[in-house]
Amino acid sequence: MTQAYHADSSDLEVKEVLTWDLFGTASRELAQAVADSGFEPEILIAVARGGLLPGGALAYALGLKLTDAINVEFYTDVHETLPDPVLLAPLLDTDSIRGRRLLVVDDVADSGRTLALVLDLLREHGAEARSAVIYAKSRSELEPDYVWRHTDEWIVFPWSADEPVSSAASRD
């Protein structure tokens with residue numbers, strides 16, 4: 001098993017820091033924006049890994065029980081990405097989404113390429129898909145349907161601010 005750690009950003013002087021408390025506020029306000037728009041998603045799809053916690057929070061806030069995740073890898077370090085986002089197994093059951101209203105949730109639309117890849121895939125399989133993110137950046141090639149806040153700074157999320165835990169044996 002390889003550990004994945006969203007890199008240490010302690011050397012960055014300027015950054016956006018999302019606390020757990022502010023995450024709660026962001027989740028509720030983002031869910032309210034979806035509800036106020038009149039869009040009634042049937043299924044929430046979280047973009048793993050960054051969209052898993054926002055996706056869960058939005059699913060509860062919107063009263064959605066049908067959820068799934070799609071695995072995409074793009075970021076490899078602070079400000080470092082792969083050339084293109086890559087879908088990872090296990091893949092989403094695309095047969096079950098035809099004709100359904102989906103809300104795709106991620107933590108940030110940075111370049112927008114990950115969201116674009118996921119939305120294109122879901123739409124190609126006959127779903128009506130909209131997107132929601134906590135943050136969007138001005139350089140994103142895709143403007144998500146629902147955004148809690150815009151920033152162009154590196155974002156420190158509470159779930160990836162610390163390195164992964166390890167067993168007591170591995171620390172000795």
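**View 1. Trp 20 in helix H1 and the nonpolar patch around it.** In this predicted model, Trp 20 belongs to helix H1, which covers residues 20-37. Together with Leu 52 and Leu 53, Trp 20 makes a nonpolar surface patch of about 290 Å². The relative accessibility of Trp 20 is 47%, so this residue counts as partly exposed.

**View 2. Ala 57 of helix H2 and its contacts.** Ala 57 is part of helix H2, which runs over residues 52-62. When neighbours within four places in sequence are left aside, Ala 57 is in contact with Phe 23 and Ser 27. The C-alpha atoms of Ala 57 and Ala 31 are separated by 8.6 Å, although these two residues stand 26 residues apart along the chain.

**View 3. The salt bridge between Glu 16 and Arg 149.** Glu 16 and Arg 149 form a salt bridge in which the closest N and O atoms are 3.4 Å apart. Because Glu 16 lies in strand S1 (residues 15-17) and Arg 149 in strand S7 (residues 146-150), the pair ties together parts that are 133 residues apart in sequence. Glu 16 counts as buried because its relative accessibility is 17%, whereas Arg 149, with a relative accessible area of 33%, is partly exposed.

**View 4. The salt bridge between Asp 110 and Arg 139.** In the pair formed by Asp 110 and Arg 139, the closest N and O atoms of the salt bridge are 2.7 Å apart. Asp 110 is found in the loop between strand S5 (101-109) and helix H3 (113-124), and Arg 139 in the loop between strand S6 (128-136) and S7, so this salt bridge ties together parts that are 29 residues apart in sequence. With a relative accessible area of 7%, Asp 110 is buried, while Arg 139 counts as partly exposed at 46% relative accessibility.

**View 5. The salt bridge between Glu 128 and Arg 130.** The side chains of Glu 128 and Arg 130 meet in a salt bridge with an N to O distance of 3.8 Å, which falls within the 4 Å allowed for such a pair. Glu 128 is partly exposed, its relative accessible area being 37%, and Arg 130 is likewise partly exposed, with a value of 27%.

**View 6. The network of Glu 42, Arg 100 and Arg 101.** A network of salt bridges links Glu 42, Arg 100 and Arg 101. For the model, the count of salt bridges comes to six.

Terms used: Residues numbered from 1 in each chain as written. Predicted model: local features only at pLDDT ≥ 70, side-chain atom pairs only at ≥ 80, totals over all residues. Heavy atoms only, no water. Patch = residues over 30% accessible without salt bridge, like charges linked within 9 Å, V, L, I, M, F, W, Y side chains within 5 Å. Areas by Shrake-Rupley, 256 points an atom, 1.4 Å probe, with all protein chains shown as cover. Helix = DSSP H or I, 4+ residues; strand = E, 2+ residues; numbered from the N terminus. Buried < 20%, exposed > 50% of the residue type's maximum accessible area, 1.4 Å probe, protein only. Contact = heavy atoms within 4.5 Å.
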